[in-house]
Amino acid sequence: MGGGSGLLWIGRALIVFQLINGVLGWGKEGHFAVCKIAEGYLTEDALAAIKELLPDSAEGDLANVCSWPDEIRFHLRWSSPLHYIDTPDFKCNYEYCRDCHDSAGRKDRCVTGAIYNYTMQLKSAYQNSVSEAKYNLTEALMFLSHFIGDVHQPLHVGFTGDLGGNSIIVRWFRRKTNLHHVWDNMIIESALKTFYSSNITNMIQTIQWNITDGWANDISSWESCKNNHTVCPEPYASESISLACKYAYKNATPGSTLKDDYFLSRLPIVEKRLAQGGIRLAATLNRIFASQIKIAEA
């Protein structure tokens, strides 16, 4: 009994640790960027449906509420495991059946499971009006938009043993922090100060330029889902754990100081993941909110 109680206490302590250390997403700027990029690729049908669902606080702009799931995380504690996936240490791969569960072992409680769930809620409501009353579709939209951003942050598909980099204490230049926070916030914050005059709009415009120029040939592959599925977060999660191993964890051991060489080599990875998150969020919303006529013709 004593050993079981000890394990239960450790599990609770880890959950609290994860909450305190901001395990729950790109920073506000990152989520704003993902959703703002997505807005530029929405169809008229999707844009109209989204505007109907947005809360008044959004002022008609999806990007304004894309951080909402982080802002209410202490109120809705059940949502905490939905922001990330813990994978086996050093395997550098992701498998849904193996990895998508919470700390209590409950299946489907991870970021990819949440993406499937909220996509289903929105899609069923818009293709079967009888189902609409079952769900809070405004919350479903905000959760889905946020979680598609989260699954593109490499350390949201990190190792179990270090809580996705949360327990790896490093210095970001002179500031003590943890590796997860570096990828959630600090790379973006440093980029804003160094290259974008502390203006997120400037950063988004640069990423949008790269989408239409440097990554133009990749857009169709980013948007597509195999077998005409509405949503397909599996490859996004696999990409993230691969990038976590190749870039996030590399040369970032406990106690290390991360400076310009780490920052400048990782910033392009972060900006590309923000771009992919935006393009894929738009593609998913476009499929969810396709008009009934288009669905019938498909």
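These are my notebook entries on a predicted model of one protein chain.

**Entry 1: the whole chain**

I began with the overall counts. The protein chain holds 13 helices and five strands. Of its 298 residues, 51% count as buried. I also looked up how far along the sequence the contacts reach. Among contacts with a separation of 6 or more, 74% are made by residues 24 or more positions apart.

**Entry 2: the sheet**

Next I went to the strands. Which strands form the open sheet, and in what order? I found three of them, in the order 4-3-5, with mixed pairing. Strand 4 (175–178) and strand 5 (257–258) are the edge strands, each pairing on one side only.

I then took the two pairings in turn. Strand 3 and strand 4 run antiparallel and are joined by four bridges. Strand 3 and strand 5 run parallel, and two bridges join them. A reminder to myself: strands of a sheet pair through backbone hydrogen bonds, either parallel or antiparallel.

For single residues, I noted that Val-170 has Thr-177 in strand 4 as its bridge partner. On the other pairing, Trp-172 stands opposite Leu-258 of strand 5.

I also checked how strand 3 connects to strand 4. The two form a hairpin with two residues between them. In that turn, Phe-173 has a positive phi of about 55°.

**Entry 3: the two faces of strand 3**

Which side chains of strand 3 are buried, and which are not? Val-170 and Trp-172 point to one face and are buried. Ile-169 and Arg-171 point to the other face and are not buried. This is the alternation to look for, as in a regular strand the side chains alternate between the two faces of the sheet.

**Entry 4: Asn-166, ahead of strand 3**

I stepped back along the chain to Asn-166, which sits in the loop between strand 2 (157–159) and strand 3 (169–172). Buried or exposed? Asn-166 counts as buried, because its relative accessibility is 0%, and the cut-off for buried is under 20%. I looked for a polar partner too: the Asn-166 side chain reaches the backbone oxygen of Leu-163 at 3.0 Å.

**Entry 5: helix 8, between the sheet and helix 12**

Helix 8 came up twice in my search. It packs on the sheet, where it touches strand 3, strand 4 and strand 5. The direction of helix 8 makes about 130° with that of strand 4.

Helix 8 (residues 179–195) also packs with helix 12 (residues 260–288), at an angle of about 100° and with the axes 10 Å apart. The two helices are therefore roughly perpendicular. From helix 8, the contact includes Leu-179, Val-182, Trp-183, Ile-187 and Ile-188. From helix 12, it includes Tyr-262, Phe-263, Leu-264, Arg-266 and Leu-267. I sorted the contact residues by type and got 14 nonpolar, two polar and one charged.

**Entry 6: Thr-284, further along helix 12**

I stayed with helix 12 and picked Thr-284, which lies in it. Thr-284 counts as buried because its relative accessibility is 0%. What does Thr-284 contact, leaving aside neighbours within four places in sequence? I found Thr-119, Leu-144, Ile-148, Thr-230 and Val-231. Of the pair Thr-284 and Leu-144, I noted a sequence separation of 140 residues and a C-alpha to C-alpha distance of 9.5 Å.

**Entry 7: helix 2 and helix 7**

I looked up another helix pair. Helix 2 (residues 28–39) packs with helix 7 (residues 137–150) at an angle of about 110°, and their axes are 10 Å apart. So helix 2 is roughly perpendicular to helix 7. Helix 2 brings His-31, Val-34 and Cys-35 to the contact, and helix 7 brings Ser-145, His-146, Gly-149 and Asp-150. By type, the residues of this contact are two nonpolar, four polar and one charged.

**Entry 8: Ser-238**

My last stop was Ser-238, in helix 11 (residues 233–248). With a relative accessible area of 33%, Ser-238 is partly exposed. How many residues separate Ser-238 and Tyr-96 in sequence? The answer is 142, while their C-alpha atoms are 9.9 Å apart in space.

Definitions and conventions: Residues are numbered from 1 along each chain as its sequence is written. This is a predicted model: local features need pLDDT of at least 70, side-chain atom pairs count only at pLDDT 80 or more; totals for chains, interfaces and linings use all residues. Side-chain values use heavy atoms; hydrogens and water are left out. Buried means under 20% relative accessible area, exposed over 50%, partly exposed in between (1.4 Å probe, protein chains only). A polar contact is a pair of N or O atoms within 3.5 Å; within protein, one must be able to donate a hydrogen and the other to accept it, and residues adjacent in sequence count only if both atoms are side-chain atoms. Axes are lines fitted to C-alpha atoms, for helices over the stretch in contact, and angles run from 0 to 180 degrees between N-to-C directions. Angles under 35 degrees count as roughly parallel, over 145 as roughly antiparallel, 65 to 115 as roughly perpendicular and the rest as oblique. Contact means heavy atoms within 4.5 Å. Ala, Val, Leu, Ile, Met, Phe, Trp, Tyr, Cys and Pro count as nonpolar, Asp, Glu, Lys and Arg as charged, and the others, Gly among them, as polar. Two strands pair if DSSP finds at least two bridges between them.
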